[in-house]
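Got your viewer open? Let's take a walk around this protein, one selection at a time.

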Amino acid sequence: MDAAAAASERWWKAAVVYQIYPRSFMDSDGDGVGDLRGVTARLDHLQALGIDVIWLCPHFDSPGADNGYDIRDYRKVLAAFGTMADFDAMLTAMTARGMRLIIDLVVNHTSDEHAWFRQSRRAKADPRRDFYIWRDGKDGGAPNNWPAIFGGSAWTLDDASGQYYLHLFTPQQPDLNWDNRQVRQEVYDLMRFWLDKGVSGFRMDVIAFISKPPGLPDLAPDQLAHPERAYACGPRLHAFLQEMNREVLRLYDGMTVGEAFGVSPEQSQQLTDERRGELDMAFDFALVDLEPSQWTLPQFKAIIGRQDRLAGVHGWNAAFLGNHDQPRAVSHFGDDDPAWRMASAKTLATVLLTLRGTPFIYQGEEIAMANAPFDSIEDFDDVWAKTLWREQVQSGRQSAEAVLERLRRTGRDNARTPMQWSATPNGGFSTGKPWLRVNPDYAHVNVEAQARDEGSVLAHYRRLIALRRAEPALVYGAFEDIDPSHPDLFVYTRRLPNKAFLIAANFSRRAQTYVPPPGATPTTVALSSAASAPSAAPPICLEGWRSVIFEIRA
Ligand code: NOJ
């Protein structure tokens, strides 16, 4: 591919995406909860970073059983986040800055307070009954043995009718019945509503769960450890997505990225093969599923290599190291010890911004926000954490300390502590009492301090994004891992016929030297994660957790 061919590619391949969790981004009115005016007020930060697309987590009216992933009204803004006028003003401000907005499409389930569900549960004969999945019980219990993803049964008995409804997440998130054509039409309608307003696409929540296994059979004992694998990719998934494309998506120049929870890499490839007309990209969970502090660099590299191979020429990857459901990237994949935190966050950024795939930066990653020091279960808000606590600790199955230790490492609230803007109280996030405690390290880890410091993680992100924007080879160039088994170094090339780069990243505290193979000899340093760039002449010498992008002969 040459520069001209690159220019004719779909716009989202060259984009850099930034994910906003609105509850934790910026509170404009002092109620302790982030809001849309807060997002608008902070767009300068994203513009200075070089962001093209913002993915906004759910902003819809919701009772908040799962922080907005339980939607009561798809056409209304959550009151705590503002009004539709605030949404419109935010979108106008983004557009004025040349940024696009994608929103969360949460249509595997609704809230149990959605009008459809209220009607559905009213009577067996209600025309909306079939919008959800109702079944009679079996042997005095639930219709089958399916567990909900956050724990407990996936079925709740509705006393009025004596039937159970299915909810793969909390009981307040009943699953929609996608086999019902009217349900699908309602979903397409709400998608058109937001696209017509000017949003540029969707991140699709647990999209692979929408087609259920026929007959809803019991899970075999060996399936119970990973029920999401059994729930994903039912027989009509591809047909539903192709229909959604025909009826909605292809009429707009938008982008889609599906959450491929429970989906194998091969299935994910099918979902994103451009010849099939389904999704543009999918979030493959293989990397983030690596157990914190147990993973190895060869495993990490093998996953990236496989993703790249599977994407091939007809697919495109979504690159991400964290999101609102994961621990912080620097704690998970970097080294959050104070001595290494900033260096490792920069190196993770170097990798994220030089992979072949659209990079997704999660809010706070650009300043190396790390996992939070949670003291007790009271510090957590997340419904998953609370369910785990109830099921494991209160029932006596595990000790409080064991569950707390797990939550500190993997808990979703790590990613949800408020954004750290400055060293002022609450990190400048709110003048009120934040809904979730701000990580106390905000005093020295914040946007304001890093914006003034050319050597900061934030400054490195800005330079990386600018470089990626200037160099089509870093977007479209072929990816080759030139030393997959090296335990500490990730060294790979990105090549177009007219330009090529070698990226060398040290994932350890130890200094490393490396002699690249003959075809990959550096000519110049394009960007270094540390002020003192190593020489381009081999061998490459990298201090602990440092990374460099070299130009090499194409
Ligand atoms: C995935 C979302 O990212 C997560 O936050 C949510 O709890 C579940 N889907 C259910 O909607």
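Before you colour anything by domain, a word on the term: the bounds used here come from an automatic or database domain assignment. Also keep in mind that this is a predicted model.

**Stop 1: a pocket with domain 3 in its wall.** Select domain 1 (13-104 + 201-209 + 235-460) in one colour and domain 3 (476-552) in another; each of them gives at least three residues to the lining of the second largest pocket. That pocket holds about 370 Å³ of space. To find its middle, pick Ser293, Trp295, Ser331, His332 and Gly334, which are the closest to the centre among the 20 lining residues. Now show helix H11 (329-332) and H14 as ribbons, since each supplies at least two residues of this lining. Colour the lining by class and you should get nine nonpolar, six polar and five charged residues.

**Stop 2: the largest pocket.** How much space lies in the largest pocket? About 1,200 Å³. Its lining has 40 residues, and you can centre your view on Ile149, Glu228, Phe261, Trp384 and Arg406, the closest to the middle. Switch your domain colours here: domain 1 and domain 2 (115-166) each bring at least three residues to the lining of this largest pocket. By class, the lining of the largest pocket has 18 nonpolar, 10 polar and 12 charged residues.

Next, select three helices: H7 (227-231), H13 (383-394) and H14 (400-410), each of which supplies at least two residues of the largest pocket's lining. Which helix gives the most to that lining? It's H13, with five residues.

**Stop 3: two helices from that wall.** A quick tip before you zoom in: two packed helices are described by the angle between their axes and the distance between the axes. Keep just H13 and H14 on screen. They pack at an angle of about 160 degrees, and their axes are 10 Å apart. Angles over 145 degrees count as roughly antiparallel, so that is the label for H13 and H14. Their crossing is right-handed.

**Stop 4: another helix pair.** Hide those and select helix H12 (residues 341-352) with helix H17 (residues 457-470). Here the axes come within 9 Å and cross at roughly 15 degrees. Because angles under 35 degrees count as roughly parallel, H12 is roughly parallel to H17. Turn the view around and look at how H12 passes H17: this crossing is right-handed.

Definitions and conventions. Residues numbered from 1 in each chain as written. Predicted model: local features only at pLDDT ≥ 70, side-chain atom pairs only at ≥ 80, totals over all residues. Heavy atoms only, no water. 1 Å grid on protein atoms, 1.4 Å probe; cavity = no way out; pocket = protein on both sides within 12 Å on 5 of 7 lines; lining within 4 Å. Points joined across faces, edges and corners; volume = space filled by probe spheres on them. Helix = DSSP H or I, 4+ residues; strand = E, 2+ residues; numbered from the N terminus. Nonpolar A, V, L, I, M, F, W, Y, C, P; charged D, E, K, R; others polar. Axes fitted to C-alpha atoms, helices over the stretch in contact; angles between N-to-C directions. Parallel < 35°, antiparallel > 145°, perpendicular 65-115°, else oblique. Left-handed = near helix turned anticlockwise from the far one by under 90°.
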